[in-house]
Amino acid sequence: MSCSVRKDNGVVAEQGGFEEWLQGLRNDYLRLIVFVTEQCNFRCVYCYETFRVGRIRPEVVSGIKRWIGRRMPGLRGVRLSFFGGEPLLYPSVIVELMQAVWAMRREGQVILGDVTTNGYFLGGKLARTLISNGVKGFQIAIDGLASWHNRFRPLRGGQPTFSVVVRNILGLLATDYSFSLVVRFNVCDQNFQSVVRFLERYRWLADPRIAIHFHAVFGHEVWRLCDAGRRLAELRRIAREMGYRVLELGGVCYSCQANVFVVRADGRLQKCTVALDDDRNTVGVVRGDGSICLDQSKMRA
Ligand code: SF4
């Protein structure tokens, strides 16, 4: 299978409608948030992951394909969201799963792919490969100007990452590819002004393929945003006045949606990508033959 990488092929435009359907808890859609690996080349100061699990096991990949294959006849659409760790450490897993789902696709079914990445490996060749295989949604975090971003989001060895991530985003924007990119700013009291200055300086983010999203750093003792609701609203207002497309998240959280599962690299099925080590979050397991075992009492909780 090979999707068009060009603009105006309609695939990105479908994503909003599909999201709305998902939020309606329909049974004829399935979204899997797949941990391609739980390792990462970054060490962000606020990261809540423990990096205890490695690359997704081959039997988990087989299980995902067979699970989707079994469900496919009754589905109107499938969305695969690739997560980690850093999923682009193993892009071949992403391509393998997207190609498998496209090969099973029937007339009229919608297939969507997106990836949450730190952006470090998203160079031109890989971006084209992903987009041509149907991965058309990206989310990348930038936490302000270089000084704050590099402090918050260094490589595992402490080296800076800002210039590589910005170069890769600029490379994407220089193409006529069809994609959507959410640039997420993790905001706390310390980098608030740096985020504003970033918005003033990097006006290229006002590209129609980009939406920006502000999120308070959460769960950290030092890096916190006081009066978060008011100050995030202030950032959204500032950004809109500068001409940016600002994302407002709302509606039903994916973790409450019956047709959304998080697939950990070791095959555990969960409902939330944050409470990774909370036993209440592990609702089942996917086996290599594509069968899934669910704890119904946890699913109902
Ligand atoms: S890029 Fe994501 S997974 Fe990697 S260290 Fe940063 S927050 Fe954690």
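Colour the protein chain by secondary structure to begin, and nine helices and 10 strands will appear; bear in mind throughout that this is a predicted model. If you then colour by burial, buried residues make up 53% of the 301 residues in the protein chain. The contacts can be viewed by sequence separation as well: of those in the protein chain with a separation of 6 or more, 72% are between residues 24 or more positions apart.

**The core**

Next, select L32, F82, F185, I212 and F214, which are the residues with the most contacts inside the largest nonpolar core, a set of 88 residues. Helix α6 supplies the largest share of this core, namely six residues. Stay with F82 for a moment and show its surroundings: leaving out residues up to four places away in sequence, F82 touches V34, V36, P87, I94, L97, M98, D114, V115, T116 and V135.

**Helices α6 and α7**

Now select residues 162-173, which form helix α6. How far apart are the end C-alpha atoms of this helix, and does the expected span agree or disagree? The 12 residues, at 1.5 Å a residue, should span 16 Å, and the end C-alpha atoms are 17 Å apart, so the two values agree.

Within α6, highlight F162, V164, V165, V166, N168, I169, L172 and L173, which are buried. When looking along the helix axis, it helps to recall that an α-helix has 3.6 residues a turn, so residues three or four places apart point the same way. The elements that cover the buried residues of α6 include the helices α4 (124-132), α5 (146-152) and α7 (192-201), together with the strands β4 (135-141), β5 (180-187) and β6 (210-216).

Move from there to α7, where the buried residues are F192, S194, V195, V196, F198 and L199. These buried residues of α7 pack against α5, α6, β5, β6 and α8.

**From α7 to α8**

Select A206, which sits in the loop between α7 and β6. A206 has a relative accessible area of 37%, and therefore counts as partly exposed. Which residues does A206 contact, once its neighbours within four places in sequence are set aside? They are G243 and Y244. You can also draw a distance from A206 to R240, since their C-alpha atoms are separated by 9.8 Å although the two residues are 34 residues apart along the chain.

In the loop between β6 and α8 (228-241), select D227. D227 is not a glycine, yet its phi is positive, near 55 degrees, and its relative accessible area of 44% makes it partly exposed. For context, most residues other than glycine have a negative phi, and most peptide bonds are trans.

**Two further backbone features**

A positive phi, of about 60 degrees, is also found at F51, again in a residue that is not a glycine. To find F51, go to the loop between β1 (29-35) and α2. Then select G84 and G85, where the peptide bond from the one to the other is cis, with omega near 20 degrees. G85 lies in the loop between β2 (77-83) and α3 (91-104).

**The ligand**

G85 is also one of the residues around the ligand, so keep it selected and add C40, F42, R43, C44, C47, E49, N118 and R153 to complete that shell. By class, the shell around the ligand has four nonpolar, two polar and three charged residues. Among the shell residues is C47, which counts as partly exposed at 34% relative accessibility.

**The cysteines**

With the cysteines in view, how many disulfides are there? The count comes to zero, because a disulfide would need a pair of cysteine sulfur atoms within 2.5 Å. C226 is in no disulfide, and the nearest cysteine sulfur to it, that of C188, is 9.8 Å away. C226 itself is partly exposed, with a relative accessible area of 44%.

**A last stop at R71**

Finish by selecting R71, which lies in helix α2 (residues 58-71). Its relative accessible area is 24%, which means that R71 is partly exposed. Not counting residues up to four places away in sequence, R71 touches N27, Y29, L30 and N259. A distance drawn between R71 and D28, C-alpha to C-alpha, comes to 8.8 Å, while the two are 43 residues apart in sequence.

Conventions
Residues numbered from 1 in each chain as written. Predicted model: local features only at pLDDT ≥ 70, side-chain atom pairs only at ≥ 80, totals over all residues. Heavy atoms only, no water. Near = heavy atom within 4 Å. Nonpolar A, V, L, I, M, F, W, Y, C, P; charged D, E, K, R; others polar. Helix = DSSP H or I, 4+ residues; strand = E, 2+ residues; numbered from the N terminus. Buried < 20%, exposed > 50% of the residue type's maximum accessible area, 1.4 Å probe, protein only. Contact = heavy atoms within 4.5 Å. Expected span 1.5 Å × (residues − 1). Core = buried A, V, L, I, M, F, W, Y, C linked by side-chain atoms within 4.5 Å.
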